[in-house]
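Subject: A structure for you to explore

Hi there,

Here is the structure I promised to pass on to you. Have a look around first, and then read my notes below.

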Amino acid sequence: MGTKSRSDISNSAIRMLLQSAGAFYDEARGYKRFSTNGTEWKEVIKLFSNACCYCGVKLTPDNMTDDHLVPINKKSLGLHAWGNIVPCCRHCNKEKHFGEWRVFLKSKSSRELYKKRAGLILRYQKKYGYNPNIELKDIANNLYEDVGQVSSTLINLRLKQAEAVIHSMLTER
């Protein structure tokens, strides 16, 4: 199995872990699991004045999405939780990708607008008590390796079975 495929499977597992850990984190802090369907999300959008938290463009159903301030990946280890997910426009979401939000915000704003928008983001994180420094690195690294090894073993097992079926089919001719 190629390295890329193994890393894709492991990265998906990391995202699943961070989403589930985020749900636990929300519930442990007394919040409902994060959702963009409830009144809580509408309140967050209102907190950001119905605008992208990065560039300030007005949000509409056509251009609105949400972004993880601290990305949910193996490197950054952000959680899918209240205080880490902000409303933004699709353009900024795509442009920021896995970048650090402060660096990205600086690239989008004048000094004065940076202070204003960063202040909003920090107040939002404080409101929900989001701690971006939860130490999950060892757990994530172990999961990454475990999933890669297990998936490789399972794929190789099924590949041998597929090879036997193909061989049998070809020898029957």
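Let's begin with L154, which counts as partly exposed because its relative accessibility is 46%, and partly exposed is the class between under 20% (buried) and over 50% (exposed). Before going on, please keep in mind that this is a predicted model.

Where does L154 lie? Its place is in helix α6, which covers residues 137-171. L154 also helps to make a nonpolar surface patch, together with V150 and L157. The area of this patch is about 260 Å². If you would like a sense of distance, pick N93 as a partner: 61 residues separate L154 and N93 in sequence, and in space they are 35 Å apart, C-alpha to C-alpha.

Next, turn to a pair of helices. Helix α4 takes in residues 101-108, and helix α5 takes in residues 111-128. Their axes come within 9 Å and cross at roughly 150 degrees. How are α4 and α5 oriented to each other, roughly parallel or roughly antiparallel? An angle over 145 degrees counts as roughly antiparallel, and therefore α4 and α5 are roughly antiparallel to each other. The crossing in which α4 passes α5 is right-handed.

Now for some salt bridges. Side chains of opposite charge can pair when their charged atoms come close. How many salt bridges does a search of the whole structure find? The search finds six, and I will take you through some of them.

One of them joins E95 and K108, whose side chains meet at 3.2 Å, N to O. E95 lies in helix α3 (residues 90-96) and K108 in helix α4, so this pair ties together parts that are 13 residues apart in sequence. Both ends can be described by their accessibility: E95 is partly exposed at 43%, and K108 is partly exposed at 26%.

Another salt bridge is formed by E40 with K32, where the closest N and O atoms are 3.2 Å apart. Here the partners fall into two classes: E40 counts as partly exposed, with 21% relative accessibility, whereas K32 counts as exposed, with 59%.

There is also a salt bridge between E100 and R102, with 3.4 Å between the closest N and O atoms. E100 has a relative accessible area of 38% and is partly exposed. R102, at 35%, counts as partly exposed too.

Finally, here are two residues with a backbone angle to look at. S49 is not a glycine, yet it has a positive phi of about 60 degrees. You will find S49 in the loop between α2 (39-47) and β1 (64-68). L77 is not a glycine either, and its phi is positive as well, at about 60 degrees. L77 sits in the loop between β1 and β2, the latter being residues 85-89.

Which of these loop residues is buried? L77 is, because its relative accessibility is 10%, and buried means under 20%. S49, by contrast, is partly exposed, with a relative accessible area of 43%.

Happy exploring, and do write back with your questions!

Best wishes

How values were computed. Residues are numbered from 1 along each chain as its sequence is written. This is a predicted model: local features need pLDDT of at least 70, side-chain atom pairs count only at pLDDT 80 or more; totals for chains, interfaces and linings use all residues. Side-chain values use heavy atoms; hydrogens and water are left out. Patches are made of residues with over 30% relative accessible area and no salt bridge: like charges are joined within 9 Å, nonpolar side chains (Val, Leu, Ile, Met, Phe, Trp, Tyr) within 5 Å. Accessible areas come from the Shrake-Rupley method with a 1.4 Å probe; for residues, only the protein chains shown count as cover. A salt bridge is a side-chain nitrogen of Lys or Arg within 4 Å of a carboxyl oxygen of Asp or Glu. Helices (H or I, at least four residues) and strands (E, at least two) are DSSP runs, numbered from the N terminus. Axes are lines fitted to C-alpha atoms, for helices over the stretch in contact, and angles run from 0 to 180 degrees between N-to-C directions. Angles under 35 degrees count as roughly parallel, over 145 as roughly antiparallel, 65 to 115 as roughly perpendicular and the rest as oblique. A crossing is left-handed if the near helix is turned anticlockwise from the far one by less than a right angle, and right-handed if clockwise. Buried means under 20% relative accessible area, exposed over 50%, partly exposed in between (1.4 Å probe, protein chains only).
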